[in-house]
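Here are three short exercises to work through with the model open beside you. Try each task before you read its solution.

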Amino acid sequence: MSKKSTYPKVMCTQHPDSASRYISTQEEPGEAIEAAVVFGCDEYMPDYEGKATPYHQNVQIVSRLIEETDLVPGKDVFITPRAPSAVQENRFRQLMVMMSIAEANHGALEYSDVQAINEFVHPMTGTVREILDAQQHMVDVSELAKKEFGFAMEVPRIIPLIEDAPALLHARELAENTLLAWKERFGAAPEKFRVFLGKSDSALSFGHVASTLSCKYAINGISELNSELDTETGIIFGAGTLPFRGHLDLKNAENFFRQYRGVGTITLQSAVRYSHEKGDAEALVKLAKEKLPETPDLFSTEEKEELVNLIGIFGARYSRIVRELSSTINRLSDLLPQQRDRLMHRGSGGYSRSAPDISGIVSLCRNDIGKELQTSMPVEDLRLPRAIKFTGALYSIGLPPEFIGTGTALKEAREKLGEEACERLLAKYFPSLTSDLSFATGYLDLNVASRFLSGACFKEVSKDIEVLRETLGLETHPEPSYRILLEMMQPELLQAGTAGSCMDEEVSQLVCSTLTKMGKIRKALG
């Protein structure tokens, strides 16, 4: 980045991706202390999005940091809540979280002259209006706090979280238009402004390769914007430990930091803290503080066009297969343990995922590629689990989602865009693809996976693996203990994946226990 970053480097989050530990909302204030004192994180994200987090958790965390440590909230460690979206959840919950931010700041300002909470995250952001409306709500709450309690706080700034591939391709425009509209609505553009990019949900909708390239495209655009504006823009990158969700762990750290150059802040999710080797999380935090932010990769106009066409090809191949698998994924995900306290939602699949609006991608793609992408998308909304359980379900049947559509898309990209485009894909755009897939081969078992797939679906996936073996020299390195668990549980899992089945309680507990053991072997639930 062209400006010296003054943002935190490592944000500890409440993602439920640890295979080895359930963490209740009562434990989370203590977890925030541990994040700062033990792991060395300089930011913590209390999470209210779809989660049964008590509204007073912000206050608890700030109070405990003041009472139990020498750290000053807002100076030595930053508290950055993720508020609910007024569009996706409801405005009452969003306003309650904002009130708790005001209360936490009131308590902190009684202790010192440093404001504890200066930013908050807005999830599933799609439009400038959503951002400005949420920021206006924060302004209104700040004014109410001043009127009722007689204290003035600097209005916390919103951080838009962009979570799907079409939005990631327009991240620069969203950020730029937001800052222009901000100036018009509030009188001045903010001096600092961060954008949060999510790997997981974009992977769920468009696949591993398309989501990675979309994130790269977004990082490039926001980095360009940073050099053009007076506002200091920063990028938070949300990544889990499995490749599909970002592949952020100590062993892959070098690949990760090279892959996502330009990112200023990373998320340290639960799996790396509780399911990986002791000391790995601390070492990763130390490394991130040394490295971030690195100079971003910048792309030419031609390279950006190529990236979009690659996203279209890989996204189409992936989507065709996933829509066939959706019902099986939902039933299997229900058997995976719940590792945080989530809100109840109607339907077994959790959040209903709207069929994504892909017009923003299609308009950028070459005509033939855009048409194929449109054809591949589901005609109706798919009810899918959240990304962690989605990933865990597919790993649990011996089909890591990293492989879905990847081989056949690579072959198609070579045919449609040429050999040089594929060389740039592997050397510049996604240099760690081979190592990602190599990791995932340890959990690949087509024999088991075949029992969960239709004949046509299995044929497509088999082609993917075959092409990857030929093209990338990919060799399978199965984890022996993992394969045993896969084979042992296969009949019961098959029963769970069959519509209308009713599983015996003891068998259900055995299945859940075995799925958890498999998660411990891969060191992440999903």
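A cavity here is a set of grid points where a 1.4 Å probe fits but cannot get out. Keep in mind that this is a predicted model.

**Exercise 1. Describe the largest cavity and its lining.**

Step 1: The search of the whole structure gives four cavities of 30 Å³ or more, and the largest has a volume of about 50 Å³.
Step 2: Its lining has 14 residues, and Gly246, Gln259, Tyr260, Ser432 and Asp436 are the closest to the centre.
Step 3: By type, the lining holds four nonpolar, eight polar and two charged residues.
Step 4: Helix α9 gives the largest share, three residues.

**Exercise 2. Check the length of helix α22 (residues 505-522).**

Step 1: The expected span is 1.5 Å times one less than the number of residues.
Step 2: For the 18 residues of α22 that comes to 26 Å, and the end C-alpha atoms are 26 Å apart, so the two agree.
Step 3: Now look just past the helix: Lys523 follows α22 and has a positive phi, near 65°.

**Exercise 3. Compare where two salt bridges sit in the chain, Glu224 with Arg172 and Lys286 with Glu290.**

Step 1: Glu224 and Arg172 have their closest N and O atoms 3.2 Å apart. This pair links distant parts of the chain, with Glu224 in α8 and Arg172 in α6, 52 residues apart.
Step 2: Glu224 counts as buried because its relative accessibility is 17%, and the cut-off is under 20%.
Step 3: Lys286 and Glu290 meet at 3.0 Å, N to O. Both lie in helix α11, four residues apart, about one turn of the helix.
Step 4: Lys286 and Glu290 are both exposed.

Key:
Residues numbered from 1 in each chain as written. Predicted model: local features only at pLDDT ≥ 70, side-chain atom pairs only at ≥ 80, totals over all residues. Heavy atoms only, no water. 1 Å grid on protein atoms, 1.4 Å probe; cavity = no way out; pocket = protein on both sides within 12 Å on 5 of 7 lines; lining within 4 Å. Points joined across faces, edges and corners; volume = space filled by probe spheres on them. Helix = DSSP H or I, 4+ residues; strand = E, 2+ residues; numbered from the N terminus. Nonpolar A, V, L, I, M, F, W, Y, C, P; charged D, E, K, R; others polar. Salt bridge = Lys/Arg side-chain N within 4 Å of Asp/Glu carboxyl O. Buried < 20%, exposed > 50% of the residue type's maximum accessible area, 1.4 Å probe, protein only.
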